[in-house]
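These are my notebook entries on a single chain. I set out to look up backbone geometry, exposure and sheet pairing, and I record each look-up in turn.

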Amino acid sequence: MQAKPQSSEWLEAAREAMEIEAEAIRAAGRRLDDNLERAVDMILAHRGKVVVTGLGKSGHVARKIVATMCSTGTPAVFLHAAEASHGDLGIYTPGDPTLMVSKSGNTAELMNLIPFLRDLPSQRIGILGNPQSPLAAAMDVVLDASVEREADPGNLAPTASATVALVLGHALTVALMRARNFSVDDFGRYHPGGHLGRSLRLIVSDVLHGREEVAWAWPDDSLKKVVIAMSQYPLGAACVVDSAGRLAGLITDGDLRRALRAHDDIRGLTAADVMTANPVTISPHARLLDALRLMEDRPSQISVLPVTDPADGQCLGLLRVHDIYRADLE
C-alpha cells in the first residue's frame, strides 16, 4: 500500500505549482510583441463591443476577461461557444471584433464560428495555447498562451495554461485602458457600488470627524488633560494644535501606552512630550481610496489620520480607517 504523503509534501507541491505558473507568466510576457498592439488597434477602431468566447475552463477565463474589460471602459460580452449556433449569434452587430480563448486551438465549437465571423465581418483575436493550431490559422491576431507544462503533478489540469490566458486578457485590457487614457474618475463611474466604488466616489470631507467631535490639545497641556479629552471624544487620538490652529502633532492611544511604559510618574508630562510631531495628514479633498492607501500601504499601518487644510495647515478633524469601511455600509 502506498504511503500517504506528508503535509510538508502538500506545501511543497503548492509552492511548486505557484512557481510553475509564475514562470509561465514571465515566459508569456517575454513573447509579447506587436500582435498585442494590433489587437489593441482592432478593438479601438470599432466603436461597438468585443465578443469574447471560449469553452470549458477557457470559457471561465473568457467570462473573467469580459468582466475586466467592461469595468475598465471596453464594452464586452461573453458568447457561449456551444450556444452560439443555436441563436446566440444574434448578439453580434457588424464589425464587432471577436476574442477567442482556447488552450488546444482545436475547439470544434470555436472552429464552427469562423465562417460566420468572416461573413459578418468580425476581426478575430485569439488567446491560444497552441499558436500553430487550426484555430490560430483562422485568426487575424494571435496572442501566444502556450505553456511548457501545467502546474499539477500529472501535467493534466489546465492550471498554468488558464492562468496565462487570463493574464494575457488582463494585459490586453490594461493596454486598452492606457490607449483610452482611462482614469481613476472613469473607473469610479463604472463602480458606483460596493467598497471600491464608494472609496472612489466619496472624499475625506464626506466622512471625517469635524472639530466639534475631536479631542484637542495645546502643546503645553498636561497629559492628564489630554487623557480626559480623549476619553470625552473617543476617536483614538487627540490633535495638538498651535495658537493659529495649525497641527503641531498627534497623540494616539498607542502614544499614551508608550508614555506609561516609559515613565513611572506621568504627572509632569505635557502633550508636546508624548505627541508625534509632523504626523502623516490627509487633505479633505482626497478620495477615501487615497486615504486608505495612505493608512495601509506602509510598513507600519496607521488607523487614524489628521485632516488638514492644504492652504494654511489648519487642522479640520480626524479620519479613522473604521470610518472608511463604515462608509461602505451606509
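Entry 1, N155. I began with the exposure of N155, which is partly exposed at a relative accessible area of 37%. The model is a predicted one. I then located N155 in the loop that lies between β5 (141–144) and α7 (160–180). I also looked up its backbone: phi of N155 is near 55 degrees, a positive value in a residue other than glycine.

Entry 2, N278. I next asked where N278 is placed. I found N278 in the loop between β10 (276–277) and α14 (288–296). Is N278 buried or exposed? Its relative accessible area is 71%, so N278 counts as exposed, the cut-off for that class being over 50%. Phi of N278 is near 50 degrees, and this is again a positive value in a residue other than glycine.

Entry 3, the peptide bond before P121. I looked up omega for the bond that joins L120 and P121 and noted a value of about 0 degrees, so this is a cis peptide bond by the cut. P121 itself is placed in the loop between α5 (114–119) and β4 (124–128).

Entry 4, S231. I found S231 in helix α11, which covers residues 223–232. How exposed is S231? Its relative accessible area is 54%, and S231 is therefore classed as exposed, given the cut-off of over 50%. I also looked up the separation of S231 from V164: the two are 67 residues apart in sequence, and their C-alpha atoms lie 54 Å apart in space.

Entry 5, the sheet. I asked in what order the strands of the three-stranded open sheet run. The order is β6-β12-β11, and the pairing is antiparallel. Which strands form the edges? They are β6 (209–210) and β11 (304–308), each of which pairs on one side only.

Entry 6, β11 with β12. I looked up how many bridges join β11 to β12. There are five, and β12 (residues 315–320) runs antiparallel to β11. For one residue pair, I noted that P306 has L318 in β12 as its bridge partner.

Entry 7, the helix on the sheet. I then looked up what α14 touches, and found that this helix packs on the sheet through contacts with β11 and β12. The direction of α14 makes about 130 degrees with that of β11. I noted from Entry 2 that α14 (288–296) also bounds the loop in which N278 is placed.

Note on methods. Residues numbered from 1 in each chain as written. Predicted model: local features only at pLDDT ≥ 70, side-chain atom pairs only at ≥ 80, totals over all residues. Heavy atoms only, no water. Buried < 20%, exposed > 50% of the residue type's maximum accessible area, 1.4 Å probe, protein only. Pairing = 2+ DSSP bridges. Contact = heavy atoms within 4.5 Å. Axes fitted to C-alpha atoms, helices over the stretch in contact; angles between N-to-C directions.
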